[in-house]
Amino acid sequence: MNIKPNVTVITGAFWGDEGKGRAAFYECQDAYMCLRATGGNNAGHTIVYNDKKYAHHLLPSAIIRENVICCIGPGVVIDPEVLIEEIHKLKEAGIKITPDNLIISDRAHVIFPYHKYLDSLHESLKTDKVGTTGRGIGPCYADKCNRIGIRMKDIKDHQNYILDLPDNEHLISDEHLINKLILPVQYHNAKFKAFNKSYYPVFVDAMHDLCTNYANELGIYIKDLQPVINDALEKGKKIVVEGAQAFGLDIDHGDYPFVTSSNPNTCGTLSGIGIGPKYVKEVIGVCKAYCSRVGEGPFPTEQCNEIGDVIRELGHEYGTTTGRPRRCGWLDLSMINRSKYVNGYTCLCVNHLDTIGLIGQQLGEIKIKIDDNDDVLDTFSGGWDTAGCTTYDELPLAAKNFIESIENLTGLPVKYIGIGADNKDTIIR
Ligand code: IMP
Ligand code: MG
C-alpha cells in the first residue's frame, strides 16, 4: 500500500524557546495526534488560546484541543510528579484528559528525586557550569544509557501488581520492582557517599512508595505506543511531532558541553517517538526574529547591554521553566544555515515579528547576523507595528522585507509568522 506521508516535525533552530509549542498547537488544528519526543520538564511550552494561557512542561500542546490524541514518546524522560500536577491542573481547568487522548509510552524513563539531586551535584563540581534547569534530565538519561533506569513499563507492571489483574501475562510480584530499584539505589548512594559533603541517601522503600503513587495516578495512561502510531501512519492521518529544546542544545550537534542530554534535532525527535523519515511531509524549523539563550554557552550575537535589556523586556524573555531572565541578542542566521542540513527544514516559522518591530522602533535599528563571520551583520533601520494584521499582505513593507531577507539568506520559505503570543496571531504565507 502506498502511504501518503503526513507527519509534521517541529524543531528549534536556536537554543530553545523559539515558540515550538505555539507552532505545534497551531499545526494541530487538523491533526490526529500530537507527540512529545525528547527531553522532559526542562522544556516549557507556552500556548495562548481563547484568551487563556497554558504553560506545559511535559504534556503535548494539543492536549487542550479536543479530539487530538496526545502522546509522550519513548525518548522522553518523565518526572511523574510534574506530569501528575500538570494533568490535575488542566483537569481542574476543565480540559478532558483520559486514556483516550493521553498515552504515555511504556518505554519512557522515569525521573526520581535523586536525579535532580545528581544534576545539582554534577553542576556544583564543574568549573564550566552548564546552567542546567536542574530537573534531573541528564542523570536520568545517564541511567537509561547505563541500563539501570526505571521505565514507565515498570510503573505499569506495578499497577498491575497492585490491582492484582488476573490477565497478567507474566507473574508480577512486588519483588519485580524492588529488584529493579536496588541497583540504581546502591550505585547512586555510593556516588553520593564519595562526595560526602553532599551525602544524600536514597532508600528503596521510599522509591517504592513513589512508584506506588505514580502507578495509581498514571498507570491508566501507560501503554505500548508503537501500535497506535503504526495505525495512524497506515491510515495517513496527520501526526504532529512537537520537538523540545533545539539544535544548539543537541548533545551531538550543539555547543557541547553546554547542551542538554538528548538529540532534539529532527532525526533524534523522530527516533524519540518511533517514526521513520519516509513518513515525514514537513519539517518546520522554528526561530524567533531575534535570539535568546537560557543557561551557559556561546551566543555570538548576545547583547550584554541596553539592547539586550530592550529585547528581553519587549519579548518577555524570562524562562517558562525556571523564570530565569534569558540572555538576548540579534537574530543569527548562521544558526539556521547550520541547522538546516542537520534538521532538514522544509520551511521556517518566524516568531516575534511583532516584538522585533517594536525593538526597531525603540532602538532605531535592527541587526541580523548573516553568516559565521562575526562582522557580517545586516542592518534594518527603524521598526514597524504589526497590530491588527491578519494576512501577509497586510504586514508593513519593512516587516515583509525583513522576512524576505531571511528567506533569501537561508534559502528557506517562511511559511508561518508569529505576531503575538495568541494562537490567532499566526500569519500563514
Ligand atoms: P538541562 O537539559 O536541564 O540539563 O539543561 C541543559 C541546558 O539546556 C541549559 O543551558 C538549559 O538552560 C538548556 N535547556 C534545556 N531545556 C531547555 C528548553 O526547553 N528551553 C531552553 N533551554 C533549555
Ligand atoms: Mg521553552
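**View 1. Asparagine 265 sits in the loop between strand 10 (239-242) and helix 9 (266-273).** This is a predicted model, and our tour of it starts at a single loop residue. Is asparagine 265 buried or exposed? Its relative accessible area is 5%, and a residue under 20% counts as buried, so asparagine 265 is buried. Look for its side chain, which reaches the backbone nitrogen of glycine 268 at 2.9 Å. Now set aside the neighbours within four places in sequence: asparagine 265 is then in contact with Thr11, Asp250, His253, Val342 and Asn343.

**View 2. Glutamine 159 belongs to helix 5, which covers residues 152-163.** Here is another residue that counts as buried, with 9% relative accessibility. Which side chain does glutamine 159 join in a polar contact? The partner is lysine 156, and the contact spans 3.0 Å. Beyond the neighbours within four places in sequence, you can find glutamine 159 in contact with Ala215, Gly219 and Ile220.

**View 3. Alanine 206 is part of helix 7 (residues 204-218).** With a relative accessible area of 40%, alanine 206 is partly exposed. The label "partly exposed" is used between the 20% limit for buried and the 50% limit for exposed, so 40% puts alanine 206 in that class. Try finding lysine 91 as well: alanine 206 and lysine 91 are 115 residues apart in sequence, and their C-alpha atoms are 28 Å apart in space.

**View 4. Helix 10 (residues 306-315) has the buried residues Gly308, Val310, Ile311, Arg312 and Gly315.** What do these buried residues pack against? Their partners are strand 12 (290-293), strand 13 (327-332) and helix 12 (353-363). At the N-terminal end of helix 10, asparagine 305 acts as a cap. One of its side-chain oxygens lies 2.9 Å from the backbone nitrogen of isoleucine 307. Follow the chain to just after helix 10 and you meet histidine 316, which takes a positive phi of about 50 degrees.

**View 5. Ligand 1 is surrounded by 16 residues.** The closest are Asn42, Thr132, Thr133, Thr260 and Val294. Which kinds of residue make up this shell? There are six nonpolar, eight polar and two charged residues. Several oxygen-atom distances are worth finding here. In asparagine 42, a side-chain N or O atom is 3.0 Å from an oxygen atom of ligand 1. From valine 294 it is a backbone N or O atom that lies 2.9 Å from a ligand oxygen. The side chain of arginine 324 also has an N or O atom 3.0 Å from an oxygen atom of ligand 1. On its own, ligand 1 has 470 Å² of accessible area, and the protein covers 96% of that.

**View 6. Stepping back, the chain as a whole has 13 helices and 18 strands.** Its C-alpha atoms fill a box of roughly 70 × 55 × 40 Å along the principal axes. A compact globule of 429 residues would have a radius of gyration near 22 Å, and the chain agrees because its own value is 22 Å. Buried residues make up 57% of the 429. The chain exposes about 18100 Å², with carbon and sulfur atoms supplying 50% of that area. Among contacts with a separation of 6 or more, 75% come from residues 24 or more positions apart.

Note on methods. Residues are numbered from 1 along each chain as its sequence is written. Chains are lettered from A and ligands numbered from 1 in the order in which they are written. This is a predicted model: local features need pLDDT of at least 70, side-chain atom pairs count only at pLDDT 80 or more; totals for chains, interfaces and linings use all residues. Side-chain values use heavy atoms; hydrogens and water are left out. A residue is near a molecule or strand if one of its heavy atoms lies within 4 Å of it. A polar contact is a pair of N or O atoms within 3.5 Å; within protein, one must be able to donate a hydrogen and the other to accept it, and residues adjacent in sequence count only if both atoms are side-chain atoms. Accessible areas come from the Shrake-Rupley method with a 1.4 Å probe; for residues, only the protein chains shown count as cover. Ala, Val, Leu, Ile, Met, Phe, Trp, Tyr, Cys and Pro count as nonpolar, Asp, Glu, Lys and Arg as charged, and the others, Gly among them, as polar. Helices (H or I, at least four residues) and strands (E, at least two) are DSSP runs, numbered from the N terminus. The radius of gyration is taken over C-alpha atoms; the globule rule is 2.2 Å times the number of residues to the power 0.38. Buried means under 20% relative accessible area, exposed over 50%, partly exposed in between (1.4 Å probe, protein chains only). Contact means heavy atoms within 4.5 Å.
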